[in-house]
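Open the model in a viewer and keep the sequence panel beside it. The stops below each give a selection and then what is found there.

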Amino acid sequence: MERRESSVMKSPSLRLPAPAKLNLTLRITGRRPDGYHDLQTVFQFVDVCDWLEFRADASGEIRLQTSLAGVPAERNLIVRAARLLKEYAGVAAGADIVLEKNLPMGGGLGGGSSNAATTLVALNRLWDLGLDRQTLMNLGLRLGADVPIFVFGQGAWAEGVGERLQVLELAEPWYVIVVPPCHVSTAEIFNAPDLTRDNDPITIADFLAGSHENHCLDAVVRRYPVVGEAMCVLGRYSRDVRLTGTGACVYSVHGSEEEAKAACDDLSRDWVAIVASGRNLSPLYEALNER
């Protein structure tokens, strides 16, 4: 694409959320020749977020002002997303980016992917690129399988590696999310020899009727018993307790804010626990719609 200038001074800065997601089910129905897995999952957002502040400039450089332990800037998905967008659009602009990190790493809440998606959406606006959402989703897929859902921004049924999305109107319950003291590697779980990869697919109707399995659960609990312990503890407060993604975070479903807060207050004596509200529209787009 021909390199071009972008009008970065129209709106030189943005502060936007990068929300967490929960997998309300996660089925593995096959393994592809490229090593990725065919999945069926349901994504819903929650109102727990990282926050990113972007300031566009004419420097041509991408500068992330916040470092994360164990993650060099060159590998950080924020930097990679910004550079990918810059290269794709052929712009001369740059940006300073500050991250307020609230979501746990290795927790299955999609923090890094969400950071990447917010970066693509924010810089598309700040650099005045005018790229449509599908283009940004396609770019996001080059960064990771979970990035497209955060660009898509609506609760969804997902298939493929998680990139084939269909809007799904879901109840928006209250959740209690427990963060066990471990970091689960997605690659480790998906490469686990004891992971069952040929499960039968289901339909959306099956999910809505109560099929909420997470096929990664057994492999995660075998390697990280504290995750199973967290699920047992959560089970004292709710009949509906699930693992999100490949973990480590587990969550319980509650019918009211009061019930969720009471459970969280009790749990917080021994665990890191968070109350969250389900969102069918991503908090990222809620924030943009308010502008």
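Which residues of strand 9 lie on one side and which on the other, and are they buried or exposed? Select strand 9, residues 250–254, in this predicted model. Val 250, Ser 252 and His 254 are on one side, Tyr 251 and Val 253 are on the other, and all are buried. Both faces of the strand are therefore covered, with buried meaning a relative accessible area under 20%.

**Partners of strand 9**

Add strand 7, residues 174–179. Strands 7 and 9 run antiparallel and are joined by five bridges. Two of the facing positions can be labelled: Val 176 is opposite Ser 252, and Tyr 175 is opposite Val 253. Strand 7 is mostly covered as well, with five of its six residues buried.

Next select strand 8, residues 241–243. Three bridges connect strand 8 to strand 9, again in the antiparallel sense. Leu 243 has Val 250 as its bridge partner in strand 9. Between strands 8 and 9 the hairpin has six residues, and in this hairpin Gly 245 has a positive phi near 55 degrees.

Now return to strand 7 and add strand 10, residues 272–279. These two pair antiparallel over six bridges. At Val 179 of strand 7, the residue standing opposite is Val 272 in strand 10.

**Aromatic rings**

Keep strands 7 and 9 on screen and show the side chains of Tyr 175 and Tyr 251. A pair of aromatic rings is described by the distance of the centres and the angle of the planes. Here the centres are 5.5 Å apart and the planes make an angle of 85 degrees, an edge-to-face arrangement. The two residues are 76 places apart in the chain, Tyr 175 in strand 7 and Tyr 251 in strand 9. Tyr 175 has a relative accessible area of 2% and Tyr 251 has 0%. Both values are under 20%, which means that both residues count as buried. Across the whole structure, two aromatic pairs are found.

For a ring with a charged neighbour, select Arg 133 and Tyr 285. Arg 133 lies over the face of Tyr 285, 4.0 Å from the ring centre.

**Helix 1 and the largest core**

Select helix 1, residues 77–89. Its 13 residues reach 18 Å from the first C-alpha to the last, close to the 18 Å expected at 1.5 Å a residue. Which residues of helix 1 are buried? They are Leu 77, Ile 78, Val 79, Ala 81, Ala 82, Leu 84, Leu 85, Lys 86 and Ala 89. The buried residues of this helix pack against strands 2, 3 and 4 and against helices 2 and 3.

Widen the view to the largest nonpolar core, which has 48 residues. Helix 1 supplies the largest share of this core, eight residues. Leu 85, Ile 97, Leu 120, Leu 123, Trp 127, Leu 143 and Val 151 have the most contacts inside the core. Centre on Leu 85: its contacts more than four places away in sequence include Leu 120, Leu 123, Trp 127 and Leu 139. A second, separate core has 29 residues, among them Leu 26, Leu 39, Val 241 and Ala 273.

**Helix 2**

Move to helix 2, residues 111–126. How many of its residues are buried? The count is 14 of 16. The end C-alpha atoms of helix 2 are 22 Å apart, which agrees with the 22 Å that 16 residues should span at 1.5 Å a residue. After the helix comes Asp 128, with a positive phi near 55 degrees.

**Leu 99**

The last selection is Leu 99, in strand 4. Is Leu 99 buried or exposed? At 5% relative accessibility it counts as buried. Its contacts more than four places away in sequence include Asp 50, Trp 51, Leu 52, Leu 64 and Ile 78. Thr 66 is another residue that Leu 99 touches. Leu 99 and Thr 66 are 33 residues apart in sequence, while their C-alpha atoms are 5.7 Å apart.

How values were computed:
Residues numbered from 1 in each chain as written. Predicted model: local features only at pLDDT ≥ 70, side-chain atom pairs only at ≥ 80, totals over all residues. Heavy atoms only, no water. Buried < 20%, exposed > 50% of the residue type's maximum accessible area, 1.4 Å probe, protein only. Helix = DSSP H or I, 4+ residues; strand = E, 2+ residues; numbered from the N terminus. Pairing = 2+ DSSP bridges. Core = buried A, V, L, I, M, F, W, Y, C linked by side-chain atoms within 4.5 Å. Contact = heavy atoms within 4.5 Å. Phe/Tyr/Trp six-rings, centres within 6.5 Å; stacked < 30°, edge-to-face > 60°. Lys NZ or Arg CZ within 6 Å of the ring centre and 35° of its normal. Expected span 1.5 Å × (residues − 1).
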